[in-house]
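Dear colleague,

I am passing on the structure we spoke about, and I would be glad if you could look through it alongside the notes below.

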Amino acid sequence: MECPSCARDLDHCHGTLVLHVDALVDCTEPDCTDTDLVRHRLTIRCDEVDGGCICTADHTVEYAQAS
């Protein structure tokens, strides 16, 4: 099966665009350099990714107490 956007020679990406809560975005396609929302058919919020995302995690640092 051929991608309709590929068949029309349209600029697009086959990866999924990950939208982070800190306003950054990245793509699951390693070669993707243009993270414009219009180029990506699939998008997901980072908190919906299996295992979560470091930008949504509560990173409380625990320190050992001296006795």
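What follows covers the salt bridges first and then a patch on the surface.

Please keep in mind that this is a predicted model. The count of salt bridges comes to four, and among them are two that involve Arg39, a residue that counts as buried because its relative accessibility is 14%, where the cut-off for buried is under 20%.

One partner of Arg39 is Asp11, with the closest N and O atoms 3.1 Å apart. Since Arg39 sits in the loop between E2 and strand E3 (40–45), while Asp11 sits in the loop between helix H1 (4–7) and strand E1 (13–19), the pair ties together parts that are 28 residues apart in sequence. Unlike the buried Arg39, Asp11 is exposed, at 58% relative accessibility.

The other salt bridge of Arg39 described here is with Asp34, where the closest N and O atoms are 3.9 Å apart, and Asp34 is partly exposed at 34% relative accessibility.

A further salt bridge joins the side chains of Asp47 and Arg45, at 3.1 Å from N to O; Asp47 is partly exposed with a relative accessible area of 43%, and Arg45 is likewise partly exposed, at 46%. Through shared partners, salt bridges also join Asp11, Asp34 and Arg39 into one network.

As for the surface, Leu19, Val25 and Leu37 make a nonpolar patch of about 210 Å². Of these residues, Val25 belongs to strand E2 (residues 25–27) and is partly exposed, its relative accessible area being 32%.

With best wishes

Terms used: Residues are numbered from 1 along each chain as its sequence is written. This is a predicted model: local features need pLDDT of at least 70, side-chain atom pairs count only at pLDDT 80 or more; totals for chains, interfaces and linings use all residues. Side-chain values use heavy atoms; hydrogens and water are left out. Patches are made of residues with over 30% relative accessible area and no salt bridge: like charges are joined within 9 Å, nonpolar side chains (Val, Leu, Ile, Met, Phe, Trp, Tyr) within 5 Å. Accessible areas come from the Shrake-Rupley method with a 1.4 Å probe; for residues, only the protein chains shown count as cover. Helices (H or I, at least four residues) and strands (E, at least two) are DSSP runs, numbered from the N terminus. Buried means under 20% relative accessible area, exposed over 50%, partly exposed in between (1.4 Å probe, protein chains only).
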